[in-house]
Amino acid sequence: MAALFLKRLTLQTVKSENSCVRCFGKHIVQKTAPAQSFPIASAPRLSFLIHAEAFSTVEDTQNEGKKKKKSQTAFGNIGRKISQRIIHLFDEKGNDMGNMHRADVIRLMDERDLRLVQRNASTEPAEYQLMTGMQILQERQRLREMKKASPKTGPTLTKELTLSSNIGQHDLDTKTKQIQQWIKKERQVRITIKKGKNVDVSENKMEEIFHQILQTMPGMATFLSRPQAVQGGKALMCVLRPLSKNEEKAYGETQKTQKRDTLNQDQGNDKESNVLHQ
């Protein structure tokens, strides 16, 4: 009787354990299901963010900036792509034709076999000009030459040099060579000449030193600021700068003209001398 009771108790215990395991398993599934579904639902959002970052790189921004800069600085025929309905037009000779409808402009282009370029987009209406292909080519060349001739942007370095008014000729020659090296390197040079101790020297005498230095660099340098009194009249200061490309070119042409005039004058004197001897 006791054995039968123990057998029934054992079977009941096993059934209870199985029921608890099923309930516990069901409870786990219910709890974990939202956690499992959350990353699945968020996966598309994460991939979308990664996709957006991949197409918003610095390289793309730089490329867009380059394209925009190129479109702003490019000079050439725009064809029939006239965005404004009314434009201000100039002909191929530069004559002002006034405001004109874009349809009339296109008709003129076809009749005269001309191209259309934009002159000024900031005006209202914008300014355009009719040009030949050769005129456009020449204007591009002119713009390239202007860009090459324009000074490079950036800070200008300035060198400083202080001299005494009673400096010896040998020392002055040495300092002048140093100034010439700085000028060749596109540097500005600030020169200060102080009155020597126990030396009574006039400002004119000190100015002569500045001019003596400058005369050693013909076609290379000029005054950025002329000699002026500083330190309460105890010194004179000036700034030298290198010549620009246009100034160098003008100086060279002036020298050629002077040599040619001198040569013509010498030849004229020779002719007069020969006539007198005859």
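These notebook entries record what I looked up in one structure.

**Entry 1. The model.** I note at the outset that the model is predicted.

**Entry 2. The sheet.** I began with the strand order and found an open sheet of four strands, arranged 2-1-4-3 with mixed pairing. Which strands stand at the edges? I recorded strand 2 (96-101) and strand 3 (115-120) there; each has a single partner strand, so one side of each is left without a neighbour in the sheet. I then looked up the twist: on average, neighbouring strands of this sheet are turned by 35° against each other, direction ignored.

**Entry 3. Strands 1 and 4.** I turned next to the pairing of strand 1 (residues 86-90) with strand 4 (residues 127-131), which is parallel and runs over three bridges. Within this pair, I saw that Phe90 stands opposite Gln129 of strand 4.

**Entry 4. Helices on the sheet.** I looked up which helices lie across these strands. Helix 3 (residues 102-112) lies across strand 1, strand 2, strand 3 and strand 4, and its direction makes an angle of about 120° with strand 2. Helix 4 (residues 133-149) lies across strand 3 and strand 4, at about 115° to strand 4.

**Entry 5. Gln129.** Is Gln129, a residue of strand 4, buried or exposed? I entered Gln129 as buried, because its relative accessible area is 12%, and the cut-off for buried is under 20%. I also looked for a polar partner: the side chains of Gln129 and Arg119 are joined by a polar contact of 3.3 Å. Leaving aside neighbours within four places in sequence, I listed the contacts of Gln129 as Leu89, Phe90, Asp91, Glu92, Gly94, Arg115, Leu116, Val117 and Arg119.

**Entry 6. The nonpolar cores.** As background, I note that nonpolar side chains tend to be buried together in soluble globular proteins. The largest nonpolar core here has 21 residues, and I recorded Ile179, Ile191, Ile213 and Leu240 as those with the most contacts inside it. Which elements give two or more residues to this core? They are strand 5 (158-164), helix 5 (169-184), strand 6 (188-194), helix 6 (203-215), strand 7 (221-230) and strand 8 (235-242). Helix 6 provides the largest share, five residues.

I then followed Ile179: beyond its neighbours within four places in sequence, Ile179 is in contact with Leu161, Val189, Ile191, Ile213, Met217 and Leu240. Apart from the largest core, I found another core of 13 residues, including Ile87, Ile106, Leu114 and Ala126.

Methods: Residues are numbered from 1 along each chain as its sequence is written. This is a predicted model: local features need pLDDT of at least 70, side-chain atom pairs count only at pLDDT 80 or more; totals for chains, interfaces and linings use all residues. Side-chain values use heavy atoms; hydrogens and water are left out. Two strands pair if DSSP finds at least two bridges between them. Axes are lines fitted to C-alpha atoms, for helices over the stretch in contact, and angles run from 0 to 180 degrees between N-to-C directions. Contact means heavy atoms within 4.5 Å. Buried means under 20% relative accessible area, exposed over 50%, partly exposed in between (1.4 Å probe, protein chains only). A polar contact is a pair of N or O atoms within 3.5 Å; within protein, one must be able to donate a hydrogen and the other to accept it, and residues adjacent in sequence count only if both atoms are side-chain atoms. A nonpolar core is a set of buried Ala, Val, Leu, Ile, Met, Phe, Trp, Tyr and Cys residues joined through side-chain atoms within 4.5 Å.
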